[in-house]
Amino acid sequence: MDLVDQHTHEPDASFDGGDLDCGGGLLLLIRRHIDPLEPGGLLEILSTDSTVEIELPAWCRLTGNELVSWTKSGGRRSFLVCKGAFTERIGSRADSPALSQQLRVEVSVPDSLPKPSQAAEIAPLSVMGIGSWPRPGWMLRAIHDRLEGRLSDEEFRATADDAVQLSIDAQIRAGVDVLTDGEQRRDNYASFVGRLLDNCQLIPLSDLTAMVDDAEKFRRELRALDVPAGEVRHPVVYGKLGRSRSLAVHEFKFARTYSERPAKVALPGPYLLTRTMWLDCLTERPYETRDELAGDVVRVLREETHFLLASGATLVQFDEPVLTEVVLGGKSTERTFMCGALSERLEPGPELDFAAGLLNEVVRGLPQERLGLHVCRGNWTPDESAALTGGYGPLVDVLKRVDVGTLFLELATPRAGDVEVLSALPGDRRIGVGVVNPKTADVEPMEVVRQRISRAVDLFGRERVFLTPDCGFATYADNPVASAQVAEAKLRTIVEARDLVR
């Protein structure tokens, strides 16, 4: 794109990036301002950094946006970028929202944390989902519109409330004992916190290319992903993390207004979030070390857990599927999309110690019987061959050491290995036994599920067993592994098989 004397089109929105370069925060501001525009909308980017002349056109080519024109006066540059191809432009959008939020906000920490309130006990052999439920098409559109700033908080909340009610209705029809809200408000089970935490932002994976130290290597890795990099959003931390609003308390409170049944809330675990947010490939980072970032991840999750338990959540479940990637991911040094873990792969022993220590710090002093840990082998595709394979043997030690009362484990799929290895777990741990596979379209025969339940009861004892699917039915909103009809049928099969065992 050649330099011009002046733009021939008026922008719909404009912001001043000052001397920020693409790796130092400018792309985060671009994403924040361009997302709310309609396709064809024009964004003016003001900059005094010379490297933007090279990096911005590369970002436009990668993301499918178009650099329409750019000007320069002294050391000040003005870039006019079209959202999408310029041929899509549909006219001036003078009323487009101008976002004036500062790049960094001050983090506040509560003076004290609330104490857990009482909650109903969960009976042995209770049936419950892991967390996610397939979203209706209109809910998916609302999620994308909200992420891109085209839907207000109030409009999104009303839409999501309807989707949650449908999810809960389906679970009640199936006969489950403990409900979830189906994670209807989340784009996926982990990165959703990126738009709720202070100083964190969701951006498409493809945007990271202009922010890494080895762009070509990162492009090769993106091409190997099993989900389009331009459609998957990743949390990027640009300041000290804070929790000025809830991550899931609002989800739980609404679910409780709709049904009085016990409810479980899933949160991404501290190791998962640390692995996800620690992008060692970035040229500039707000935290000097991964341990420093982990400390703030622990703090915000600990705050959220206290407020969830104080609100009456029966169970708070921490999702740590990336633990299996640590021990089963092989010796490859390439990054992996599994669980959004784009950071470097380290040695299993120290990593498992690190993970256990983070979780134990989050739950320190809280009632174990109301805390759980979920582990699986990846749940972003119904293709069984794409997920990890291997038994729980390498994880038994860390499962013994985490201070939670329930372990929700993927066990129905043959990829999970033999359940017998789990007999070494402490007798005070309840086991949420996966007895149906959410990735298969066929509903398991009743007798097969009954046999799996009976075997778990024989191995662990009736008092220690809960019954679940292997994982959620729609871990990633845009990539559900089952339909809502199949999900309901699988839960109903668990309930009916459980009743036969009883």
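Start by selecting Pro-270, Tyr-271, Leu-272, Leu-273, Thr-274, Arg-275, Thr-276 and Met-277 in this predicted model: these residues of helix α7 are buried. The helix spans residues 270-277 and is mostly covered, with eight of its eight residues buried.

Next, add helix α8, residues 290-310, to your view. How do the two helices meet? Their axes come within 9 Å and cross at roughly 135°. An angle between 115 and 145 degrees counts as oblique, so α7 and α8 are oblique to each other. Turn the view to look along the crossing, where α7 passes α8 in a right-handed manner.

Now show the side chains at this contact. From α7, pick Pro-270, Tyr-271, Leu-273, Thr-274, Arg-275 and Met-277; from α8, pick Arg-290, Leu-293, Ala-294, Val-297, Val-298 and Leu-301. Colour them by character and you will find nine nonpolar, one polar and two charged residues.

Keep Met-277 selected and step out to the largest nonpolar core, which has 94 residues. Met-277 is among those with the most contacts inside this core, along with Leu-241, Tyr-392, Leu-399, Leu-407, Leu-409 and Leu-422. Helix α8 gives the most to this core, with eight residues.

Which residues does Leu-241 touch, leaving aside its neighbours within four places in sequence? Centre on Leu-241 and look for its contacts with Val-107, Leu-197, Asp-198, Asn-199, Cys-200, Met-277, Tyr-287, Leu-293, Asp-296, Val-297 and Arg-299.

For the last stop, move to another core that lies apart from the largest one. This second core has 19 residues, including Cys-22, Leu-26, Phe-79 and Val-81.

Key: Residues are numbered from 1 along each chain as its sequence is written. This is a predicted model: local features need pLDDT of at least 70, side-chain atom pairs count only at pLDDT 80 or more; totals for chains, interfaces and linings use all residues. Side-chain values use heavy atoms; hydrogens and water are left out. Buried means under 20% relative accessible area, exposed over 50%, partly exposed in between (1.4 Å probe, protein chains only). Helices (H or I, at least four residues) and strands (E, at least two) are DSSP runs, numbered from the N terminus. Axes are lines fitted to C-alpha atoms, for helices over the stretch in contact, and angles run from 0 to 180 degrees between N-to-C directions. Angles under 35 degrees count as roughly parallel, over 145 as roughly antiparallel, 65 to 115 as roughly perpendicular and the rest as oblique. A crossing is left-handed if the near helix is turned anticlockwise from the far one by less than a right angle, and right-handed if clockwise. Contact means heavy atoms within 4.5 Å. Ala, Val, Leu, Ile, Met, Phe, Trp, Tyr, Cys and Pro count as nonpolar, Asp, Glu, Lys and Arg as charged, and the others, Gly among them, as polar. A nonpolar core is a set of buried Ala, Val, Leu, Ile, Met, Phe, Trp, Tyr and Cys residues joined through side-chain atoms within 4.5 Å.
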